Amino acid sequence: MKKTIILLFSLFTVMLSAQNKKVVLKKQVVEASCGQCQFKMAGKSCDLAVRMDGKTYFVDGTSIDSHGNAHAADGFCAAIRKAEVSGSIVNDRFIATDFKLLQETKK
């Protein structure tokens, strides 16, 4: 019985630590855009999202409208832009502590 309790407690601890996994990013360049319009994420309105390593995350700490008109020709709903970000990924959301939209390069 004592071994069973210890095993259950160990499994519970592992499950809790896996759920609260936090990834910290410092000055990483990512793709930024509207999660719904460009990244095809589920949602009801236009929300800022980032894509890194092929995975998309909605952003907390800044909004889609904080970086210009989202519906302009170069806005987040019409284009995927590059941004330099710092923050952390918590519960499948990117919590931005710094979000700097990079200038588009002329082709």
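Which backbone oxygen lies 2.7 Å from a polar atom of the side chain of Gln36? I shall answer that after a short description of the chain, noting at the outset that this is a predicted model.

Colleagues, let me begin with the overall architecture. The protein chain contains one helix and five strands, and their order along the sequence is α-β-β-β-β-β. Of its 107 residues, 31% are buried. The accessible surface amounts to about 7500 Å², and carbon and sulfur atoms account for 56% of that area. As for contacts between residues at least 6 apart in sequence, 48% of them link residues at least 24 apart.

I turn now to Gln36. This residue is found in the loop that runs between strand E1 (22-34) and strand E2 (48-52). Is Gln36 buried or exposed? Its relative accessible area is 14%, and because buried denotes a value under 20%, Gln36 counts as buried.

Next, the polar partners of the side chain. The oxygen asked about at the start belongs to the backbone of Ser45, at 2.7 Å from a polar atom of the Gln36 side chain. In addition, the side chains of Gln36 and Asp47 are joined by a polar contact of 3.0 Å.

Finally, which residues does Gln36 touch, if those up to four places away in sequence are not counted? They are Met41, Ala42, Gly43, Lys44, Ser45, Cys46, Asp47 and Phe58. Ser45 and Asp47 thus appear in this list, with Ser45 offering its backbone oxygen to the pairing at 2.7 Å and Asp47 taking part through its side chain at 3.0 Å.

Notes
Residues are numbered from 1 along each chain as its sequence is written. This is a predicted model: local features need pLDDT of at least 70, side-chain atom pairs count only at pLDDT 80 or more; totals for chains, interfaces and linings use all residues. Side-chain values use heavy atoms; hydrogens and water are left out. Helices (H or I, at least four residues) and strands (E, at least two) are DSSP runs, numbered from the N terminus. Buried means under 20% relative accessible area, exposed over 50%, partly exposed in between (1.4 Å probe, protein chains only). Contact means heavy atoms within 4.5 Å. Accessible areas come from the Shrake-Rupley method with a 1.4 Å probe; for residues, only the protein chains shown count as cover. A polar contact is a pair of N or O atoms within 3.5 Å; within protein, one must be able to donate a hydrogen and the other to accept it, and residues adjacent in sequence count only if both atoms are side-chain atoms.
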